[in-house]
Amino acid sequence: MDLFALPDSATLYAALVARDASYDGRALVGVTSTGIFCRLTCPARKPKPENCQFYETVGQCMEAGFRPCKRCHPMRRATESDPMIATLIDALEARGDHIWREGDITALGFDPSTVRRAFKRQFGLTFLDMARLDRLRRGFEVLGEGGKVIDAQLEAGFASPSAFRDRVGKLLGTAPARLSATPLLAISWIDTPLGPMIAVADAHRLHLLEFMDRKALPKEMQALSKSARGAIGIGRTAIHDQLARELSEYFAGHRTRFDVPLQYHGAAFATAVWDALREIPLGQSESYGALAARLGRPSATRAVARANGANRIAILIPCHRVIGADGTLTGYGGGLWRKQQLLALERDARHATAAQHRPHGRP
């Protein structure tokens with residue numbers, strides 16, 4: 001599925017304001033100020049444009065950390081066409097604190113493999129994935145509001161503190177109880193059209209920005225915690241707010257460069273590579289070899305590749321713009337599908353910017 005097959009954000013926002021029913025089943029809106037996702041026909045008061053993120057599927061909304069609206073019921077379209085889905089969605093809403101397993105699905109009279117295929121087809125994720133995402137999101141909300149670990153554990157529906165600590169620990173590289181209540185480095189959840197990201201910042205600079213499913217994230221978080229001497233915890237700074245705003249503008253195709261101040265964590269050569277990455281123009285790409293040559297180290301292709309892979313600030317330090325010498329896409333910590341989408345988005349933004357500056361009447 002092409003994440004960018006939807007119309008531009010301005011068109012979708014106009015449809016949201018008009019409650020255009022033609023988009024029902026084709027587009028959804030996530031509201032960052034409330035954490036809720038809705039149909040474009042939702043009768044609720046319309047959010048500000050800057051608080052809107054648009055998606056194609058329920059799965060994308062939930063992966064970005066949004067919960068379904070209780071007024072417009074954005075998942076009801078699928079439940080109306082499939083009684084099995086309706087039953088399971090109702091059960092999930094009624095038992096939000098339950099730890100769902102395949103045995104529970106069987107107990108309701110359904111075949112787990114059939115349920116898995118139906119939910120993947122309708123929502124882009126399985127029923128069990130949906131349940132896990134909802135539980136984890138609720139736990140993060142409690143931690144983000146300064147709640148205790150035990151409260152977050154209970155809200156997330158984990159049967160034991162150890163299970164919750166294990167899940168959050170795998171994600172953040174540290175147990176919730178070790179998170180500082182007065183952190184120097186604050187961890188926040190940033191929603192994007194390509195999935196949720198973890199951002200770590202102090203009051204002045206961004207230290208880390210990674211997709212939540214990046215395998216290296218726990219080790220990177222551990223390294224940051226060590227550098228901050230344990231003073232790392234859930235929170236939000238002005239840097240997070242600036243980052244969320246600029247990322248929203250970037251994904252909408254309205255921003256070609258970022259102004260968020262960055263804090264590097266690396267040796268001199270790695271920082272030189274990261275600076276060079278930021279010089280690759282939006283909508284363009286460069287090979288490892290060309291990047292090494294530009295740094296005056298033509299034989300250091302492998303070292304450039306290692307520094308590229310060690311980058312902890314995705315998108316803003318655009319390691320996704322580096323490709324193989326033969327023009328093929330190479331590895332990307334956030335997944336090759338995201339790399340492809342980012343490059344496509346940037347090409348479109350570049351072409352749109354060029355068209356705006358082209359003299360009137362010129363092709």
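Where does histidine 207 lie? In strand 7, which covers residues 206-211. I'll start there and work outward. One caution before anything else: this is a predicted model.

So, histidine 207. Is histidine 207 buried or exposed? Its relative accessibility is 7%, and the cut-off for buried is under 20%, so histidine 207 counts as buried. The strand around it follows suit: 6 of the 6 residues of strand 7 are buried.

Now the polar side of it. The histidine 207 side chain has a polar contact with the aspartate 202 side chain, at 3.0 Å. There is also a polar contact to the side chain of histidine 265, at 2.8 Å. Both of those partners turn up again in the contact list. Leaving out residues up to four places away in sequence, histidine 207 touches Leu185, Val200, Ala201, Asp202, Leu224, Gln263, His265, Arg312 and Ile313.

Two residues in that list, Val200 and Ala201, bring us to the neighbouring strand. Strand 6 spans residues 197-201 and pairs with strand 7. The sense is antiparallel, over 5 bridges. As one register point, isoleucine 198 sits opposite glutamate 210 of strand 7. Together strand 6 and strand 7 make a hairpin, and 4 residues lie between them.

Let me zoom out for a moment. The chain has 363 residues, and 51% of them count as buried. Its secondary structure comes to 15 helices and 10 strands. Take the contacts with a separation of 6 or more: 59% of them join residues 24 or more positions apart. As for surface, the chain exposes about 17700 Å², with carbon and sulfur atoms supplying 51% of that.

Next, the sheet toward the N terminus. What is the strand order in this open sheet of 4 strands? The order is 3-1-2-4, with mixed pairing. Strand 3, residues 52-55, and strand 4 are at the edges. Each has a single partner strand, so one side of each is left without a neighbour in the sheet.

In the middle, strand 1 (residues 28-31) and strand 2 (residues 36-39) pair antiparallel, over 4 bridges. Glycine 30 faces phenylalanine 37 across that pairing. These two strands form a hairpin with 4 residues between them, and glycine 35 there takes a positive phi near 75°.

Strand 2 also pairs with strand 4, residues 67-68. This time the strands run parallel, joined by 2 bridges. Isoleucine 36 is opposite arginine 67 of strand 4. Phenylalanine 37 has proline 68 as its bridge partner in strand 4. So keep an eye on phenylalanine 37: glycine 30 stands opposite it, and proline 68 is its bridge partner in strand 4.

A helix joins the picture here. Helix 1, residues 9-18, lies across strand 1, strand 2 and strand 3. Against strand 3, helix 1 runs at about 100°.

Now the loops. Serine 33 is in the loop between strand 1 and strand 2. Its relative accessibility is 52%, so serine 33 counts as exposed. Lysine 48 is 15 residues away from serine 33 along the chain, and their C-alpha atoms are 9.1 Å apart.

Two backbone angles deserve a look. Arginine 19 has phi near 50°, which is positive in a residue other than glycine. Arginine 19 belongs to the loop between helix 1 and strand 1. At 37% relative accessibility, it counts as partly exposed.

Histidine 73 is the second case. Its phi is near 50° too, again a positive value in a residue other than glycine. Histidine 73 sits in the loop between strand 4 and helix 3, residues 76-81. With 25% relative accessibility, histidine 73 counts as partly exposed.

Last, a helix pair. At what angle do helix 4 and helix 6 pack? About 90°, with the axes 11 Å apart. That makes helix 4 roughly perpendicular to helix 6. Helix 4 is residues 83-94, and helix 6 is residues 112-123. From helix 4, the residues at the interface are Met84, Ile85, Leu88 and Ile89. From helix 6, they meet Thr114, Val115, Ala118, Phe119, Gln122 and Phe123.

That's the tour.

Note on methods. Residues are numbered from 1 along each chain as its sequence is written. This is a predicted model: local features need pLDDT of at least 70, side-chain atom pairs count only at pLDDT 80 or more; totals for chains, interfaces and linings use all residues. Side-chain values use heavy atoms; hydrogens and water are left out. Buried means under 20% relative accessible area, exposed over 50%, partly exposed in between (1.4 Å probe, protein chains only). A polar contact is a pair of N or O atoms within 3.5 Å; within protein, one must be able to donate a hydrogen and the other to accept it, and residues adjacent in sequence count only if both atoms are side-chain atoms. Contact means heavy atoms within 4.5 Å. Accessible areas come from the Shrake-Rupley method with a 1.4 Å probe; for residues, only the protein chains shown count as cover. Two strands pair if DSSP finds at least two bridges between them. Axes are lines fitted to C-alpha atoms, for helices over the stretch in contact, and angles run from 0 to 180 degrees between N-to-C directions. Angles under 35 degrees count as roughly parallel, over 145 as roughly antiparallel, 65 to 115 as roughly perpendicular and the rest as oblique.
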